[in-house]
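Here is a short colleague's note to read beside the coordinates. Please go through the points in order.

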Amino acid sequence: MNKLHTNKSTTVLLSIFIIFLLLLSIGSNLLYRFQKESITSDKHNELATWISIFTLLLILIAALIIIYLWKKKKNDEMMINQQHLQELVDEQTIYLKVLNAQLKQDLTERKLIEDKLRKLSLAVEQNPISIIITDTNGIIEYGNPRVSNITGYTPEELLGKKTNIFKSEDTPIEVFEALWDTILAGKEWHGELHNKKKNGELYWEAASISPIIDEEGKITHFLALKEDITQRKQTQEELRRAKNELEIRVKVRTAELAKSEKRFRTTLDNLMEGCMFIGNDFTFLYVNDAVTKQLNKTKEELLGHMMTQVFPEKAFMPVLKWFVIGLLQQQQNHFVEEIKFENGNVKWFDFRVEPVTEGIFVMSSDITERIVAEKKIKKMNEELEQRVNERTLQLQIANKELEAFSYSVSHDLRAPLRSIDGWSMALLDDCAQQLDQQGLEYLDRVRSETQRMGFLIDDLLKLSKVSRVELKKVDVDLSKLANEIKQRLLKIPTDRLLEFIIHPAMLTFGDPRMLEIALTNLFENAYKFTGKQPIAHIEFGESLINNKRTFWIKDNGIGFDMTYSKNLFGAFQRMHKKSDFPGTGVGLATVQRIIHRHNGAIWAESAIDIGTTFYFTLT
Amino acid sequence: MNERTILLVEDNQSDIELTKRALKREHILNKITVVEDGQEALDYLFGTGAYAGRDLTKMPTLILLDLKLPIIDGLEVLRRIRANPLTHRQVVVILTSSKEEQDILNGYNLGVNGYIRKPVDFIQFSAAIKYLGLYWLVINEPPPLVNVEIS
């Protein structure tokens, strides 16, 4: 505006200046005209020229100024126009800027809302809780994937269906009535529904159903949030059933316990063993009758009293010590203690301490009789053992003596016999002429008796040897031994016929040298006592007698009278006249000793003139 | 050739006489030396005691040894004979009453050359002496004499 003003004043000034210039030109012209006469012609001309130029110049300047002024005016007008336009533009720009800012803000807000919506939608879609939105009639408008997942209906199948497709007969009608009443009243309904899947399977849901209300307070939709609680329900059901069962069992058991407690109590009361129950406070809580008898105390003296007070005597200390250990350390114990009672009685008890929750249970038995008996037996055993040892020693000594004796017999008793026989022989050799027939006969008798004595001594030594010598048992073939003996017997010259039958492979276990002596004696007996038979039959075999393996030697010899059979195996016992059948009478004694040393038995059966059979067993 | 002699170690007079009788009866006429206990037997063989200075080159061809002897018994005599290099090859035959197994075993363990049990029957005894003398004094070649100096 100032500029415009400035321009106006400039224009005025310039206009004045132009007028001045015009006035100046007119004035100069006039002046020239008035003074023209006074001036020489030459001079005049020149002056006229100058004035003309000057006037022209002035006019030119004026013209230029006018042009300038015109132009300036025009310019000024344009300037004003432009200024106005600029203002308009500026105004518009500000408006647009404001608008833009507003738009930007709108956009941000929108984006936030979109984000929020997206998140919410995702939360709904992926929610592990079934979410169903229905219209006011219960027609399903939306069900999240979890619904399909549980019920088996695809999302497409769900749309447009009524929610009662899930309904099962297991949920009472009243539940649904209450549900609808609640939500139609605009309130939220909570409850459990036993629903049905597409495949008919039933499942449990914890449902929360609420109405969706618009700004005007009108119900537009229902929203159902449901959780599958089948598993939980099942667990609950199982728990409930288990609890019931347990309760029943507890009841039954309690009844049983009551019964058995009574039974136990009766049993304990009547038990021969002492039974006591001592509490953790060391007092007797229960004692049966046996205890009172065993410990010489009445029930009144015991029950409710501390054990240390009831039994302060030193004699009870070891027992009480075990009880205390049982009580304090919950330790099981079994021990035997001797108790000296004040009245002088000494008794032995067997105690069993069993820790229980409220103390110890003790069983006591009076084992005095048993202990006394055991001691007696022990003493007897010791005495017996001592006697056995003494006897063994005596036997060992006797055996040694016997050995020494038999050695002496073997050496010293034979020497004089030899001398008698030798000098008798000398008499026969040197003095035969001085003796008559009878004298010679007597000398023969002396010699034969001497030699008999020699055989007797030899046989006696054999007998003592079979008793003394240690047995060395191995596998023995009796058949083989018998055959060897047979061969020896067959070498003896004789007129008779001998028939031996020896059963094969009679194997046994024993001392072969001893068994050889025994068999030799038996075979020699058979041989000897069949001496009067033209054909001797001797058979050696085995059979089972009374379930025991028994060997036997049978002959058809002279036999003997069974009345005297008990003398058969005695030393020097003879069943026949010496003149008929010579022998010392030691043979069968030796055989019996050998069989006995094999823990066997020997016996004989005989009939006169028919024969004899000897039987023997070996362990 | 050295004379083949017999050393009889026997304490029983009857046995001494009867043995001599039997030898005579069987015509065994070799010289017999009799010693009556174990100690005497060893003294004779080693030239000690009563026999000190005896000519030890003259050793009996056959020693007949009884077992039951006074002072030193027969088995001990045998042990010492076998232990001494002077006599350890001597022929020794045990001639005794017993046939106790232990005696027989001990005799052979100590290296006896023979063991004969004297039978009661004199005729049998005589026969035994006959075979004994025949074998050891005639048939058998005795060990050569030991050089005393060397041993």
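The points below cover confidence, one sheet of chain A and a single phenylalanine.

1. Status of the model. This is a predicted model. The predictor assigns the complex an ipTM of 0.83 and a pTM of 0.48. Chain B has an average pLDDT of 89. In that chain, 95% of the residues score at least 70. A general caution applies: where pLDDT is low, the predicted coordinates should not be read in detail.

2. The sheet. In chain A, 5 strands make up an open sheet. Their order is 12-14-15-17-16, and the pairing is mixed. Strand 12 (497-502) and strand 16 of chain A are the edge strands, each pairing on one side only. From one strand to the next, the twist averages 15°.

3. Strands 15 and 17. Strand 15 (residues 548-555) of chain A pairs with strand 17 (residues 611-616) of chain A. The sense is antiparallel, over 4 bridges. To check the register, start with A:Ile553, whose bridge partner in strand 17 of chain A is A:Phe614. Then take A:Phe551, which has A:Phe616 as its bridge partner in strand 17 of chain A.

4. Strands 16 and 17. Strand 16 (residues 602-607) of chain A also runs antiparallel to strand 17 of chain A, joined by 6 bridges. Here A:Ile602 stands opposite A:Phe616. A:Phe616 thus appears in both pairings: with A:Phe551 of chain A and with A:Ile602.

5. The turn. Strand 16 and strand 17 of chain A form a hairpin, with 3 residues between them. Look at A:Asp609 in the turn: its phi is positive, about 70°.

6. The helix on the sheet. Which strands does helix 14 of chain A lie across? Helix 14 (residues 512-529) lies across strand 14 (535-545), strand 15 and strand 17 of chain A. Its angle to strand 15 of chain A is about 30°.

7. A residue elsewhere in chain A. A:Phe176 sits in helix 5 (residues 173-184) of chain A. Is A:Phe176 buried or exposed? Neither label fits: A:Phe176 counts as partly exposed because it has 15 C-beta neighbours inside 10 Å. The cut-offs are 20 or more for buried and 12 or fewer for exposed. A:Leu193 is 17 residues from A:Phe176 along the chain, and their C-alpha atoms are separated by 9.2 Å.

Definitions and conventions: Residues are numbered from 1 along each chain as its sequence is written. Chains are lettered from A and ligands numbered from 1 in the order in which they are written. This is a predicted model: local features need pLDDT of at least 70, side-chain atom pairs count only at pLDDT 80 or more; totals for chains, interfaces and linings use all residues. Helices (H or I, at least four residues) and strands (E, at least two) are DSSP runs, numbered from the N terminus. pLDDT is the predictor's confidence in each residue, from 0 to 100. Two strands pair if DSSP finds at least two bridges between them. Axes are lines fitted to C-alpha atoms, for helices over the stretch in contact, and angles run from 0 to 180 degrees between N-to-C directions. Two residues are in contact if their C-beta atoms, placed from the backbone, lie within 7 Å.
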